[in-house]
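Here is a short walk through a protein model for someone who hasn't seen it before. Keep the picture open while you read.

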Amino acid sequence: DYTDPDTNILVNKYGAHLFHTQYYRVWEYLQQFSEWTPYEHRVLGKIGDKHVPIPVNIDTVNLLFDLNITTVGEMNGWLSEEQTKYENKPI
């Protein structure tokens, strides 16, 4: 690894290497061999001039509709009000 002198960004000479495990024991074992840089993958979609989280979540709705929903209960209430309900079953 090296830090690009122009951007001050850490660059891996051989490309990005991502590691994931659900097992703490594996993570602990590997920690003894190297320092790790935390990484969180985020996907954004562009709707109009806004970049919003994908898949859709409370943050997406807040950004698109200028809301301040903070709980799952508030989100469910908003969805219930906004959804179009149909009496007929789909074909």
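The largest pocket in this predicted model holds about 610 Å³ of space. Its lining is made up of 17 residues, and H17, L18, W36, T37 and Y39 are the ones nearest the centre. Sort that lining by type and you get 10 nonpolar, 5 polar and 2 charged residues. As for how such spaces turn up at all, rolling a probe the size of a water molecule over the atoms shows where empty space is left.

**The hairpin**

Next, look at strands β3 (residues 44-47) and β4 (residues 50-53), which run antiparallel and are joined by 4 bridges. One pairing to pick out is K46 with its bridge partner in β4, H51. The two strands form a hairpin with 2 residues between them, and G48 in the turn has a positive phi of about 65°.

**From the hairpin into helix α2**

Follow the chain past β4 and you reach the loop between β4 and α2, where P55 sits. The peptide bond that joins I54 and P55 is cis, with omega about 0°. Then comes N57, which caps the N-terminal end of α2: one of its side-chain oxygens lies 2.9 Å from the backbone nitrogen of D59.

Which residues of α2 are buried? They are T60, V61 and N62, and they pack against β4 and α3.

Take T60, a residue of helix α2. T60 counts as buried because its relative accessibility is 1%, and the cut-off for buried is under 20%. Setting aside neighbours within four places in sequence, T60 is in contact with V52, P53 and P55, so the cis-bonded proline mentioned above shows up again here.

N62 belongs to the same helix, which spans residues 58-65. With a relative accessibility of 14%, N62 counts as buried too. What does the side chain of N62 reach at 2.8 Å? It is the backbone nitrogen of I69. Beyond residues up to four places away in sequence, N62 touches L67, N68 and I69.

**Residues out in the open**

Now for some exposed spots. Right after α2 comes D66, in the loop between α2 and α3. D66 has a positive phi of about 55° although it is not a glycine. N8 also has a positive phi without being a glycine, in its case near 65°, and N8 is found in the loop between β1 (2-3) and β2 (10-11). V72 is part of helix α3 (residues 72-82).

Here are their accessibilities side by side.

| Residue | Relative accessibility | Class |
|---|---|---|
| N8 | 63% | exposed |
| D66 | 69% | exposed |
| V72 | 58% | exposed |

Why do these count as exposed? The cut-off is over 50% relative accessible area, and N8 has 63%, D66 has 69% and V72 has 58%.

One last thing to try in the viewer: find V72 and W27. They are 45 residues apart in sequence and 32 Å apart in space, going from C-alpha to C-alpha.

Terms used:
Residues are numbered from 1 along each chain as its sequence is written. This is a predicted model: local features need pLDDT of at least 70, side-chain atom pairs count only at pLDDT 80 or more; totals for chains, interfaces and linings use all residues. Side-chain values use heavy atoms; hydrogens and water are left out. On a 1 Å grid over the protein atoms alone, a cavity is a set of points where a 1.4 Å probe fits but cannot get out, and a pocket is an open set with protein on both sides within 12 Å along at least five of seven lines; lining residues have an atom within 4 Å of a point. Grid points are joined across faces, edges and corners, and a volume is the space filled by probe spheres set on the points. Ala, Val, Leu, Ile, Met, Phe, Trp, Tyr, Cys and Pro count as nonpolar, Asp, Glu, Lys and Arg as charged, and the others, Gly among them, as polar. Buried means under 20% relative accessible area, exposed over 50%, partly exposed in between (1.4 Å probe, protein chains only). A polar contact is a pair of N or O atoms within 3.5 Å; within protein, one must be able to donate a hydrogen and the other to accept it, and residues adjacent in sequence count only if both atoms are side-chain atoms. Contact means heavy atoms within 4.5 Å. Two strands pair if DSSP finds at least two bridges between them.
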